[in-house]
Each structure stands twice: as structure tokens, then as C-alpha cells.
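Colleague: I'm new to this one. Can you walk me through it?

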Amino acid sequence: MSDTIEKIKCLIIGSGPAGYTAAIYAARANMNPVLYQGMQPGGQLTTTNEVENFPGYVDGVTGPEMMVQLQQQAQRFGADIRDGWATKVDFSGDVHKVWINDKIELHCDTVIISTGASAKYLGLESEQHYLKMGGGVSACAVCDGFFYRNQEVVIVGAGDSACEEAHYLSKLCSKVTMLVRSDKFRASKIMEARVRKTENISILMNHDTVEILGDGQVVSGVKAKNKTTGEIFEIPATGFFSAIGHKPNTDIFKDYLTLDETGYIINVPGTSKTNVEGVFVAGDAADHVYRQAITAAGTGCMAALDAERYLAAKESEVEEKVIS
């Protein structure tokens, strides 16, 4: 623990579209926001080569470039953007305590959580290689499906999200091969029926992904294994989509905030409020449905406005006590 304690009016934990947007609004409201960027400054979008569905970018923009611009916009209004990540919190009292890198202790009037969620991948060396290269591995069909128009792709997964993404890809791609690692879907019956009825979706049950193939720059196929027969074969594809779930980055909050069964923070419907007064949530840490940059940015705005109103109400209470 540090010898000194820093008092902060508005702390934003995490960056990305949600965190940076919250910082923009909070700074413009004279809340003197301090934002710690987390272990992945800029969030998931820093691993995305092209972003073409965010309003205002006529010719598209790379994910890293967009995050730099959002950070600079927040800094233009006075937001204090810092390196580091929250390692511990204590929301049990009136003062919200947060520790950064296990060393710096912060006492905050308000806290906006925008720690996001991390997509789950199979962990194959080849998968991670092409993910970093931006050459054909993705965890978001809605984000990247457009780039595979009229091409053949492979998607791995067995839940509702996997079925939904496979169906979405089927409208863009000439063929979608769905690899299901077990002998049955985890999806609802209606979602399973939807993909089974789609002509250009080929479903391979009880199959594992062995390797992502390519020339080192871009994906050209997927090596798969039939777990029943042991046969290993190649599937031609220019894109590989992982749809095996996301893990919200919320572990340090579980002792104080209400989470759902998978770890997403539960907010008061229609707001960014959590079960702890003065603590708000934005972006993918609470959103397991949409998970888009534009929706994350929108909730970042909501969180800053909710935090501003919370502070204003607190200040009014103090003024009334002084007068009385």
C-alpha cells in the first residue's frame, strides 16, 4: 500500500470506446476525470485492423488509430490519461477505494468501470499468429464479416452466439463451415434449427480445430480433426471466427458488485448504475448482447452523465445541510 492517498472526483477504470467516451463527457463537465488504461490500452479494438461500421469514418479507420483519436479527444478537454490497471477495490464504504498496480491507493467520489470483456480463443499458436497479423482470425462476425463477402469461412462454437454469428456470416459468405466440438449444440433449439436450415452453412459435429493454415500473412484454410474417426483434413477458408464466448474483466469487483452467472456486471435497466452508489459501468463489462464499439461509446456517455448527476445530488445535500 502506498504512503500517500490520492483523492479523485471521477475515476475511469479501463479504456476503449466506453472509457474514452466517458472521459470526454466527464472532462467537459469539469469532473476532472482520471482514466487508467488497463492492461490493453484502447481495449479489444486495438486488435482490429479495419473498423468500417463506426459512424463518421467514411473510408473506415483502423482500430488502433481510432483509439488514439478518442484518447486525444479526451485529453483535449483535460482528461488525465494514465498507464496502469486496477488490481484491487473496496466499495464497502462511502469512499470508493481503488488500488493501481497494487501500489497506488485512490479514494474516489465516483468510479466508472469500463474494463470490457475478453474474447475467448482456442489458444492455438497459429490462431494467435493470424489474430495478431490481422490476417483472417476474428471473434466478431458483425465487426469483420463484411471483409469476407463471397468467400468461404470457418466458425467454431456451439452456443446461441455461435449460431447467430454463423447465420449472419451466411448472408455475406459463399460458404460457412461450423465446427462443433461436441456431439450436440449448446444453443437453444430454435437457433440450432436456424443454422441447420441454412443451405450454405455446413455443420461438422464432434470436430476439433487443429491448425489455422496460411502463408504467414493471411489465412487460407483450417485443419480440422474428426474426433470420432480420427481423420484430419483441410477446409479451404479465408477467415476463421472464434465464437466460444467472452470473459468479462470483472473479477476484482465480484465482492462488491452484483454480477450475473458469467461475470457481467448487472446494471439498473436503462442506466449505468450498479448496486453500489457512485459506481457506474459502461461497455462490454456489462454488455453480453451487442458488444459493439458504438454501443460501448453510448454507455460511456451514459455513465459520465449518471456520475455527473450523482455528484450534483451529493453537492446539493451538503449545501442543504450547511444552510440548515
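Modeller: Sure, one term to begin with: contact means heavy atoms within 4.5 Å. By that rule, D160, C163, E164, A166 and H167 in helix 5 meet M191, E192, R194 and V195 in helix 6. Keep in mind that this is a predicted model.

Colleague: At what angle do helix 5 and helix 6 pack, and how far apart are their axes?

Modeller: The angle is about 30°, and the axes lie 9 Å apart. Helix 5 covers residues 160-170. Angles under 35 degrees count as roughly parallel, so helix 5 is roughly parallel to helix 6.

Colleague: Is the crossing of helix 5 and helix 6 left-handed or right-handed?

Modeller: Left-handed.

Colleague: What comes after helix 6, in the loop before strand 11?

Modeller: T198 is found there, between helix 6 (189-197) and strand 11 (201-205).

Colleague: Is T198 buried or exposed?

Modeller: Buried, with a relative accessible area of 15%. Its side chain reaches back to the backbone oxygen of R194, at 2.8 Å.

Colleague: Which residues does T198 touch, not counting those up to four places away in sequence?

Modeller: H167 and S170.

Colleague: Now the other helix pair. How do helix 1 and helix 2 pack?

Modeller: Helix 1 is residues 16-28 and helix 2 is residues 63-76. They pack at about 20°, with axes 8 Å apart. Helix 1 and helix 2 are therefore roughly parallel to each other. Their crossing is left-handed.

Colleague: Which residues of helix 1 and helix 2 make the contact?

Modeller: Helix 1 brings G16, P17, Y20, A23, I24 and A27. Helix 2 brings M67, L70, Q71, Q73 and A74.

Colleague: And what sits in the loop between helix 1 and strand 2?

Modeller: N30 is in that loop, and strand 2 spans 33-36. N32 is found in the loop too.

Colleague: What is phi like for N30?

Modeller: Near 60°, a positive value in a residue other than glycine. Most residues other than glycine have a negative phi. N32 has a positive phi as well, about 50°, and is not a glycine.

Colleague: Are N30 and N32 buried or exposed?

Modeller: Exposed. N30 has 58% relative accessibility, and N32 has 55%.

Colleague: Switching to cysteines. How many disulfides does a search of the whole structure find?

Modeller: It finds 1. A disulfide is a covalent bond between the sulfur atoms of two cysteines. Here C140 is joined to C143, with 2.2 Å from S to S.

Colleague: Which hand does the link of C140 and C143 have?

Modeller: Right-handed, with 70° about the S-S bond. C140 is buried at 14% relative accessible area, while C143 is partly exposed at 25%.

Colleague: What about C10? How far away is the nearest cysteine sulfur?

Modeller: That sulfur belongs to C108 and is 8.7 Å away; C10 is in no disulfide. C10 is buried, with a relative accessible area of 0%.

Colleague: Why does C173 have no bond to the closest cysteine sulfur?

Modeller: Because that sulfur, in C140, is 13 Å from the sulfur of C173, too far for a bond. A disulfide needs the two sulfurs within 2.5 Å.

Colleague: Where is C173 along the chain?

Modeller: In the loop between helix 5 and strand 10 (175-180). C173 counts as buried, at 4% relative accessibility.

Colleague: What is C173 in contact with, leaving aside neighbours within four places in sequence?

Modeller: Y148, N150, Q151, V153 and N200. There is also a pairing to look at with E152. C173 and E152 are 21 residues apart in sequence, and 5.9 Å apart in space, C-alpha to C-alpha.

Colleague: Last topic. Which strand does V219 lie in?

Modeller: Strand 13, residues 219-226. V219 counts as buried, at 5% relative accessibility.

Colleague: Which residues does V219 touch, not counting those up to four places away in sequence?

Modeller: Its contacts include Y130, G135, G136 and V137. I212, L213 and G214 are also among them, as are A237, T238 and G239.

Colleague: And how far is V219 from S118 in space?

Modeller: 22 Å, C-alpha to C-alpha, with their positions 101 residues apart in sequence.

Definitions and conventions
Residues numbered from 1 in each chain as written. Predicted model: local features only at pLDDT ≥ 70, side-chain atom pairs only at ≥ 80, totals over all residues. Heavy atoms only, no water. Buried < 20%, exposed > 50% of the residue type's maximum accessible area, 1.4 Å probe, protein only. Helix = DSSP H or I, 4+ residues; strand = E, 2+ residues; numbered from the N terminus. Polar contact = N/O pair within 3.5 Å; in protein donor to acceptor, adjacent residues only side chain to side chain. Axes fitted to C-alpha atoms, helices over the stretch in contact; angles between N-to-C directions. Parallel < 35°, antiparallel > 145°, perpendicular 65-115°, else oblique. Left-handed = near helix turned anticlockwise from the far one by under 90°.
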